[in-house]
Every structure is written in structure tokens, then in C-alpha cells.
Amino acid sequence: MNQYSKEIISCIETLLPKTGETYPLHEPCFEGNEKKYVCECIDTGWVSSVGSYVDNFEKKLAEVCETKYAIATVNGTSALNTALILAGTEQDTETIIPSLTFVATANAVSYLGSIPHMVDSSPETLGIDPEKLANHLKKIAGTSPSGTINRQTGRKIAAIIPVHVFGHPVDMDPLLEIAEQYEITIIEDAAESLGSTYKGRPAGSMGKLAALSFNGNKIATTGGGGAILTNDKEMAERAKHLTTTAKAPLEGASRQNAMGYNHRMPNINAAIGCAQLEQLDSFLKNKRNLASLYEQAFAGCEKINFFHEPQNTYSNYWLNAITIDESIKSDINEILGDLNGAGYLCRPIWKPMHKLSIYKDLPRTDMSVAESLENRIINLPSSAKLGAHS
Ligand SMILES: *Cc1c(COP(=O)(O)O)cnc(C)c1O
């Protein structure tokens with residue numbers, strides 16, 4: 001076995017003893033009212049596109065995220081897609097995203113015919129590097145009657161999507177300044193960061209719009225689901241309208257007055273979500289406890305660093321991560337193989353978008369950080385229950 005695999009395993013073992021069972025990367029936790037609420041949906045017949053759980057879920061989400069509105073959707077990708085539409089993202093525009101993200105961020109942009117314009121990440125937050133973005137815009141941005149354009153392509157820059165990677169908030173203040181200066185809308189991809197805060201402000205509450213995900217592997221799940229967050233009343237109304245087939249309330253008949261989507265969250269999923277939000281505080285507590293145990297376990301390592309939450313943030317530590325030293329990054333596949341073989345289900349960070357065949361050759365900054373992190377990050381088993389009793 002690789003010597004660093006041995007070292008990593010001996011650290012993990014101090015908190016997650018080998019039992020012969022495997023430790024999944026992230027398991028959902030259903031220890032609350034999930035069954036009760038789901039049974040209620042089935043017993044009453046309210047399983048589908050309307051019902052009180054959807055309303056309650058939206059209300060609770062808005063409370064947790066400190067936004068005026070939350071609109072539940074069928075998944076996080078559709079929430080991003082809808083948020084982009086609301087921000088005016090159209091065919092032949094460009095949307096700024098980090099290259100180091102889950103593919104859904106780039107896909108949601110592409111569905112609308114907008115071009116993902118990729119920016120490098122910061123090693124401190126793992127999210128968009130505001131300084132690189134500022135320097136890049138200085139070089140390429142121009143003005144036009146329709147707003148800021150990329151002078152090199154002539155296309156309008158429609159939005160910026162910062163992603164709070166693994167739950168760690170991006171350095172938002174400089175990004176918000178850039179957005180104001182260039183009049184570009186910020187949509188937070190807060191899919192991974194429910195419960196995290198930046199300078200006391202919840203992730204998802206800082207951009208004009210934000211998208212959450214409640215996929216089975218996220219900190220709170222509805223099976224599959226998502227939500228759009230905003231403080232803008234008009235946008236919230238349009239979000240509800242667009243995600244519910246654009247039904248217009250007319251006397252008697254219902255009519256469609258725009259090309260809408262069937263992107264609403266079913267009541268049965270929202271029922272699970274309501275039960276999950278009741279437990280969010282304990283999920284956060286357990287996950288932060290697990291993170292601090294990992295941090296202690298890896299404290300003595302030389303070439304392996306636990307990724308600590310960025311300055312000024314309170315992270316939900318959705319996925320714990322270690323970073324291996326540049327000098328041993330060629331060992332990463334061997335290390336991952338060893339860890340998985342030992343029952344610790346770990347994985348590397350995503351392949352940066354600019355390296356995928358579908359998104360290569362698009363406008364971008366240099367990618368030195370994304371390319372360095374690509375082969376150095378290992379996500380560790382991070383289920384909330386692992387931080388519960390230890
Ligand atoms: C999970 C995730 C999404 C998409 O959410 P789905 O509910 O799976 O569609 C988008 N962006 C990021 C960063 C994610 O982790």
C-alpha cells in the first residue's frame with residue numbers, strides 16, 4: 001500500500017474505526033418525521049404538484065436562508081436554470097462560472113444557449129477567485145447599450161454564478177462589488193451550502209438569486225429537489241409562474257401565458273424536506289463536529305492538510321476534504337484506490353469544466369489553481385451521523 005494511504009487511513013481510523021462495513025461518502029439521515037409526513041401525503045392523496053408541505057417547505061427555507069422568498073423546484077439544476085432565465089440569460093450571452101464545479105452549473109447555463117465563461121478558483125475558498133475575476137474583466141469587459149460585454153467575443157455577460165464548494169462560502173463581498181461595478185447579476189449556486197454563512201449572512205441570501213439542491217447526497221434531502229431564493233418579489237412571482245407551466249389565473253379556465261416548465265417540487269418530496277429542515281440544526285452540529293475531529297486527526301501530517309472553513313465563514317462542511325501536497329499528487333489515484341479498498345468511500349474533486357470535451361475551448365482565465373487542485377483534493381466520508389456520538 002502507498003505510504004500516504006497508510007498515513008491517511010491511520011488518521012481516519014482514529015475517528016472512524018474499521019468495522020468491516022464501508023463508510024459511504026455521504027448518506028442521508030432520516031431520523032425525524034419523514035415517514036409520518038410522507039404517509040400523511042399518501043393517506044390524504046396530496047402527493048403531487050400542490051399541497052401544504054410545498055408551502056411549508058418554502059416558508060421554512062426562506063426563514064433558514066433569511067430571504068423573503070423561496071420557490072421549491074424538482075431539482076437543483078432546474079432551480080439554477082430558472083434563476084438564469086430570471087436574470088435575463090439568453091442565447092448567445094456568456095455566463096461566468098468557476099471551472100471547478102459540478103457539471104450541473106455549466107449545464108444549466110448551456111440549456112439556455114448561454115456560453116459558460118470560466119474563471120479560476122481561490123485555494124482559500126475553493127470557489128471563484130474574485131481577484132482573478134476582477135483582473136480578467138478589466139482586460140476583456142466592454143460596455144454596450146445592453147450592458148457589459150466580452151469585447152473579445154462581442155457577447156453580453158449575463159450573470160456570474162459563484163459556487164460555494166463543499167459548503168464553504170465564497171468570498172462574496174469583492175464579488176458583489178464587481179457585480180455592481182459591471183452591472184452583472186449574481187446567482188449563487190448554493191446547492192451544497194444550506195446552513196453555511198459568510199460574515200453572518202446565509203449562503204443563498206447574498207446574490208440577486210440563488211439555487212439550492214435537495215438531492216439525496218446533500219446536507220438535507222427531499223429525494224430529489226431544489227429551490228430558488230430571492231428577495232425580489234417580482235422575480236419570486238415569475239419563478240413560481242415559470243416552474244408551474246406558466247399557468248395564468250383567469251376566470252374559469254386556466255391558460256398559459258408564457259412557455260413554462262414543469263419544474264415544481266411534488267408535495268411528497270416537500271414532506272420529506274419539512275422533516276429534514278426540522279433536523280437541520282442537528283445535522284449542522286454533527287457535521288461540524290465531524291469536521292473538527294478530522295481536523296485534529298490530520299493535524300500532525302506533513303503532506304496532507306485538512307481543508308478548514310475559509311476566514312469569515314461558518315461552513316456546513318457538506319463534504320470534508322483533505323488536500324495532498326503538490327509533490328505527491330501523482331499518487332492520488334493509488335491513494336483513492338487504497339482508501340476505497342479499506343472501506344472509506346472517498347473521491348476526488350470534479351474534473352474542471354474546461355477539461356471536459358463538451359466545455360473545452362470556451363472563454364476562460366488561466367486555470368493554474370483549478371488544475372493544481374484537480375489532483376490534490378480527496379473528499380472523506382461526511383455523513384452527519386458520523387459526527388453524532390463520537
Ligand atoms: C448538486 C449540485 C447541483 C445540482 O443539483 P441537483 O439537485 O442534483 O440537480 C448544482 N450545483 C452544485 C454545485 C451541486 O453540488
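How are α4 and α5 oriented to each other? In this predicted model, the axes of helix α4 (residues 76–86) and helix α5 (residues 103–111) cross at roughly 45 degrees and come within 9 Å. An angle that is neither under 35 degrees, nor over 145, nor from 65 to 115 counts as oblique, and α4 and α5 are therefore oblique to each other. The crossing in which α4 passes α5 is right-handed.

On the α4 side, the contact is made by Thr 77, Leu 80, Asn 81 and Leu 84. The α5 side contributes Ala 104, Thr 105, Ala 108, Val 109 and Tyr 111. By class, the residues of this contact of α4 with α5 are six nonpolar, three polar and no charged.

A second region is an open sheet of four strands, in the order β14-β16-β18-β17, with antiparallel pairing. β14 and β17 stand at the edges with a single partner strand each, so one side of each has no neighbour in the sheet. β14 runs antiparallel to β16, and three bridges join these two strands. Phe 306 has Ile 322 in β16 as its bridge partner.

The residue ranges of the strands are listed here.

| Strand | Residues |
|---|---|
| β14 | residues 304–306 |
| β16 | residues 320–324 |
| β17 | residues 347–348 |
| β18 | residues 377–380 |

Helix α11 (residues 332–341) packs on the sheet and touches β16, β17 and β18. The direction of α11 makes about 10 degrees with that of β18.

Methods: Residues are numbered from 1 along each chain as its sequence is written. This is a predicted model: local features need pLDDT of at least 70, side-chain atom pairs count only at pLDDT 80 or more; totals for chains, interfaces and linings use all residues. Side-chain values use heavy atoms; hydrogens and water are left out. Axes are lines fitted to C-alpha atoms, for helices over the stretch in contact, and angles run from 0 to 180 degrees between N-to-C directions. A crossing is left-handed if the near helix is turned anticlockwise from the far one by less than a right angle, and right-handed if clockwise. Contact means heavy atoms within 4.5 Å. Ala, Val, Leu, Ile, Met, Phe, Trp, Tyr, Cys and Pro count as nonpolar, Asp, Glu, Lys and Arg as charged, and the others, Gly among them, as polar. Two strands pair if DSSP finds at least two bridges between them.
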